[in-house]
Amino acid sequence: MKITDTIHAFKHHFRLALGENLYVDRWVYSYILLGEKVCLIDAGVRGTAPQLLDYLKQICRSPAEISMVPITHAHPDHIGGCPAVRKASPAAPFYAHAADKPWIEDVEKQYRERPILNFFELVEGPVPVSKELKEGDALSWAKGKTLRVLETPGHSRGSISLFLEEEGALFVGDAVPAAGTIPIYVDPQASIRSIQKLKKVPGVKYLFSAWHEPISGNQIHTTMDEALRYIEKIDQIVKDLCKTMPPETSGEELSIRALEQLGIKTNKVLQMVKTSFESHRKN
Ligand SMILES: [Zn+2]
């Protein structure tokens, strides 16, 4: 989908396994930035990476023109297609924050430490990270196009956002949760600080999140405020539950009860969801 002459959004559809023969449909956005060369923000999942590369051909660009791939964080739906991109453009370097780099370079390690049932359906394999991104770094893939790196941890320890200064376009990966959905983060207080930081970036005209449709204008701050209120609401729910539940209550039970209060009925929660709710118990 073309957003501006420079920015295209590509939606990857995939399924996340919740149990044996039990799947939930999900999607995630990658962003393609055009100039003399092509910059790809996140590579999506294994199954749809070929479609992403085909899309480039449809807009009369070659996958071989991809000259850099900054990755917002290491989760499967952002790195799963990296090996396919590497085959299409062998010289294109992958960039990521140091805290998420080990899970990109060693996907077995990520699978062990953050198990997802159909992990290898989503992730083709590892790729090397050539540069560790940190706050304030500037990336340029074409003349007059600068992506500024902002560290926005919380969803993962090494989550970053990227601000395309010339277009006022802010790419946030999964740093801004979608209110009303199942929360996924490792540190809610860090997430809150990251969203507050993103709210202060001057000159933002577009918000490009992996979890939302592209957002512009007044809706940008509304979306960020909704995300902040949602995390604060979950914090209150977990803290109230902890007052009434014995301390040895399992993370699964806590998550099911908290989700119920959020209006999400389930009797099964993934490890990463338990991590989100348990993270509120820690601070
Ligand atoms: Zn993620």
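## Zinc site

The four donor atoms of the zinc ion subtend angles of 86 to 176 degrees, and the site is accordingly classed as irregular. Four donors count as tetrahedral only if all angles lie between 85 and 135 degrees, so the upper value of 176 degrees excludes that class. For reference, the ideal angle for four tetrahedral donors is 109.5 degrees. The structure described here is a predicted model.

The donors to the zinc ion are NE2 of H73, ND1 of H75, NE2 of H155 and OD of D174, at 2.0 to 2.2 Å. Along the chain these residues follow the spacing H-x1-H-x79-H-x18-D. H73 is located in the loop between β4 (66-70) and α2 (76-79), and D174 in the loop between β10 (169-173) and α7 (188-199); the pair therefore ties together parts that are 101 residues apart in sequence. H73 and D174 are both buried.

## The mixed sheet

An open sheet is formed by six strands in the order β7-β8-β9-β10-β11-β12, with mixed pairing. The edge positions are taken by β7 (138-142) and β12 (215-216); each has a single partner strand, so one side of each is left without a neighbour in the sheet. Strands of a sheet pair through backbone hydrogen bonds, either parallel or antiparallel.

At one edge, β7 pairs with β8 (residues 145-151) in the antiparallel sense over three bridges. A138 stands opposite R148 of β8. The two strands β7 and β8 form a hairpin with two residues between them, and G144 in the turn has a positive phi of about 75 degrees. At the other edge, β11 (residues 206-209) and β12 are also antiparallel, with two bridges between them. Here L207 has I215 of β12 as its bridge partner.

## Helices α9 and α10

S255 belongs to helix α9 (residues 251-261). Its relative accessible area is 0%, and S255 is therefore buried. Apart from neighbours within four places in sequence, S255 is in contact with V269, V273, K274 and F277. Of these contacts, V273, K274 and F277 are also among the buried residues of α10.

The buried residues of α10 (271-281) are M272, V273, K274, S276, F277, S279 and H280. They pack against β1, α7, α8 (219-244) and α9. E278 is likewise found in helix α10, but with 25% relative accessibility this residue counts as partly exposed. Outside its neighbours within four places in sequence, E278 is in contact with G251 and L254. Between E278 and S255 the C-alpha to C-alpha distance is 7.8 Å, with a separation of 23 residues in sequence.

## Cavity and pocket

One cavity of 30 Å³ or more is present in the structure. The space in the largest cavity amounts to about 130 Å³. Its lining consists of 14 residues, with R26, D77, R114, I184 and M272 the closest to the centre. β1 (7-19) and α2 each contribute at least two residues to this lining.

The largest pocket has a volume of about 470 Å³. Its lining comprises 21 residues, and L16, V24, R26, T181 and I182 lie nearest the centre. At least two lining residues come from each of β1, β2 (22-34) and α10. β2 provides the largest share of the pocket lining, with four residues. R26 is listed among the residues closest to the centre of the largest cavity and also among those nearest the centre of the largest pocket.

## Positive phi values in loops

D42 has a phi near 70 degrees, a positive value in a residue other than glycine. D42 is located in the loop between β3 (38-41) and α1 (49-58), and at 2% relative accessibility this residue counts as buried.

C60 is a further residue other than glycine with a positive phi, here near 65 degrees. C60 lies in the loop between α1 and β4. With a relative accessible area of 70%, C60 is exposed, whereas D42 is buried.

Technical notes
Residues are numbered from 1 along each chain as its sequence is written. This is a predicted model: local features need pLDDT of at least 70, side-chain atom pairs count only at pLDDT 80 or more; totals for chains, interfaces and linings use all residues. Side-chain values use heavy atoms; hydrogens and water are left out. Donors are N, O and S atoms within 2.8 Å of the metal (3.2 Å for Na, K and Ca); water is not among the atoms, so sites may look incomplete. Four donors count as tetrahedral if all angles lie between 85 and 135 degrees; four count as square planar and six as octahedral if opposite donors are over 155 degrees apart and all others between 65 and 115; anything else is irregular. Buried means under 20% relative accessible area, exposed over 50%, partly exposed in between (1.4 Å probe, protein chains only). Contact means heavy atoms within 4.5 Å. Two strands pair if DSSP finds at least two bridges between them. On a 1 Å grid over the protein atoms alone, a cavity is a set of points where a 1.4 Å probe fits but cannot get out, and a pocket is an open set with protein on both sides within 12 Å along at least five of seven lines; lining residues have an atom within 4 Å of a point. Grid points are joined across faces, edges and corners, and a volume is the space filled by probe spheres set on the points.
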